[in-house]
Amino acid sequence: MCAVRVDHVPVDHDSAVDLLRRSYAAVPPGEKVRLAKRTSNLFRPRAAPQVPGLDVSGLTGVLRVDPTARTADVQGMCTYEDLVDATLPHGLMPLVVPQLRTITLGGAVTGLGIESTSFRNGLPHESVTELDVLTGSGEIVTARPDGDHADLYAAFPNSLGSLGYATRLRIELQPVRRYVALRNIRFTRLEELVDAIAEVTATRAWAGMPVDAMDGVMFSPGEAYLVLATFTDEVERPSDYTGQDIYYRSLRRRTRDTLTTYDYLWRWDTDWFWCSAAFGVQHPVVRRLWPARWRRSDVYHRLVRLEHRYGVAARVDRLRGQPARERVVQDVEIPLERTADFLRWFAGNVGMAPVWLCPLRLREPAGPGSARSWPLYPLRPGQDYVNIGFWGTVPMAEGAADGDVNRSIERTVSELGGHKSLYSDAYYDRDSFDRLYGGATWRAVRDRYDPEHRFTGLYEKAVARA
């Protein structure tokens, strides 16, 4: 069973920021400024940098947890794994903990993140009360919801580092219990699934029990599950999905389950949802031989990057006479009322299964007023969405071009009023991209904080792979 690490090491934040500034000054004039970062959760291959990058090696820690105020000051490159290790001993966790251990807080804010508390807490950037940002001019400014840098605060989410890099963020935390009780509800009709999501989102309860977190899985249009989670201190024998058992398979054979809170937060990481099957790790013999410390999303991601570089599997497929395959790795937000339509279209036209379902609603304010919107990822306040995640490859039809399936997904998502996350391949033309992702706002903020355009543009990063 996994345990929380408590070996918190003091962080010299000022020295880390000084190192960052020196590395910025070392980038030759006229050259694009990029991070010198060895790991990534992106699925967008990028051109290799030709000049030194920003040294963020000292920006990986938790600076302070305030249990009374329920806040944490965190460096931008701190992983959620380390952040959770610092907050759980206080009975606290971030309002949203993205599902993979090595996603960084700064990455989740500038690149978006989501998880099962998003139906009530929105997205990670909505719990940020202030952040320090290294801008393209080399300055570090503190951005808040109001004040001199409110424009940067609003445009930073989904800017993917094109407007700057967060060195420190202050985030809100929420109280949690020791365990998470799960109810796995099966649906054979997608309309009933959608109705259940609407009810839980509106009431935060199901069948008389409170719901603190909600996500699900669709194996087919006739077999889908909602997992309704409730934080609890009731001591039951918790399940362990870090060993031979595989979490997503349990949805089909258990109607109720219990996990420790720590294991619940990382329930998807051990097998990268279900994608570990591509490496044989779900085979019982391979699983026993595969070291437990390697059952992690970052290990699988490194294997994928090796395949991108050397193409061994693709060459084997060609030798076997099998068709080329297109990578389809996406997360999309679909309005709740169109979710059944999209899932049926996807099953019939793409055919990948399972897919992840994560309900989402922009966070409602504690006091009077409506939820705020975020210009570079303009979800509608008050609208219920479902994030649908699908990750894998599909065979390319004869005569098809690489990217055709992804382009059809992009068109369908737009037609249904949804949005697509940009951590993976995108194929939009520039006009469509600007319309969907706040191009005019992005340019205005970029011109203010990066007048010499030292950072790579958002379109260039997301579509051109620069």
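**Helices, strands and cores**

Student: What does helix 12 lie across, and how is it angled to strand 15?

Tutor: Helix 12 (residues 339–349) lies across strand 10, strand 13 (325–335), strand 14 and strand 15, and runs at about 5 degrees to strand 15. The angle is taken between N-to-C directions on a scale from 0 to 180 degrees, with axes as lines fitted to C-alpha atoms, for helices over the stretch in contact. Contact here means heavy atoms within 4.5 Å.

One caution: this is a predicted model, where local features need pLDDT of at least 70 and side-chain atom pairs count only at pLDDT 80 or more, while totals for chains, interfaces and linings use all residues. Residues are numbered from 1 along each chain as its sequence is written, and side-chain values use heavy atoms, leaving out hydrogens and water.

Student: What makes 339–349 a helix?

Tutor: Helices are DSSP runs of H or I with at least four residues, strands are E runs of at least two, and both are numbered from the N terminus. Helix 6 (residues 190–203) lies across strand 7 (179–187), strand 10, strand 11 (223–232), strand 14 and strand 15 (385–395), at about 20 degrees to strand 11.

Student: How do you know that strand 10 and strand 14 pair?

Tutor: Pairing takes at least two DSSP bridges between two strands. Strand 10 (residues 213–220) and strand 14 (residues 355–360) have three, running antiparallel, so they count as a pair. Met218 sits opposite Val355 of strand 14. Both strands belong to an open sheet of eight, in the order 12-7-11-10-14-15-13-16 with antiparallel pairing.

Student: Why are strand 12 and strand 16 called edge strands?

Tutor: Strand 12 (256–260) and strand 16 (419–420) each pair on one side only.

Student: Why is strand 6 called largely enclosed?

Tutor: Buried means under 20% relative accessible area, against over 50% for exposed and partly exposed in between (1.4 Å probe, protein chains only). Eight of the 11 residues in strand 6 (residues 165–175) are buried, so the rest of the structure largely encloses this strand. Strand 6 has antiparallel partners too: five bridges tie it to strand 2 (residues 71–75), and six to strand 4 (residues 128–134). Leu131 has Leu169 of strand 6 as its bridge partner.

Student: What makes the 91 residues with Leu131 a nonpolar core?

Tutor: A nonpolar core is a set of buried Ala, Val, Leu, Ile, Met, Phe, Trp, Tyr and Cys residues joined through side-chain atoms within 4.5 Å. In the largest one, with 91 residues, Leu131, Leu152, Trp274 and Phe433 touch the most other members. A second, separate core of 36 residues includes Val194, Ala196, Ala340 and Val386.
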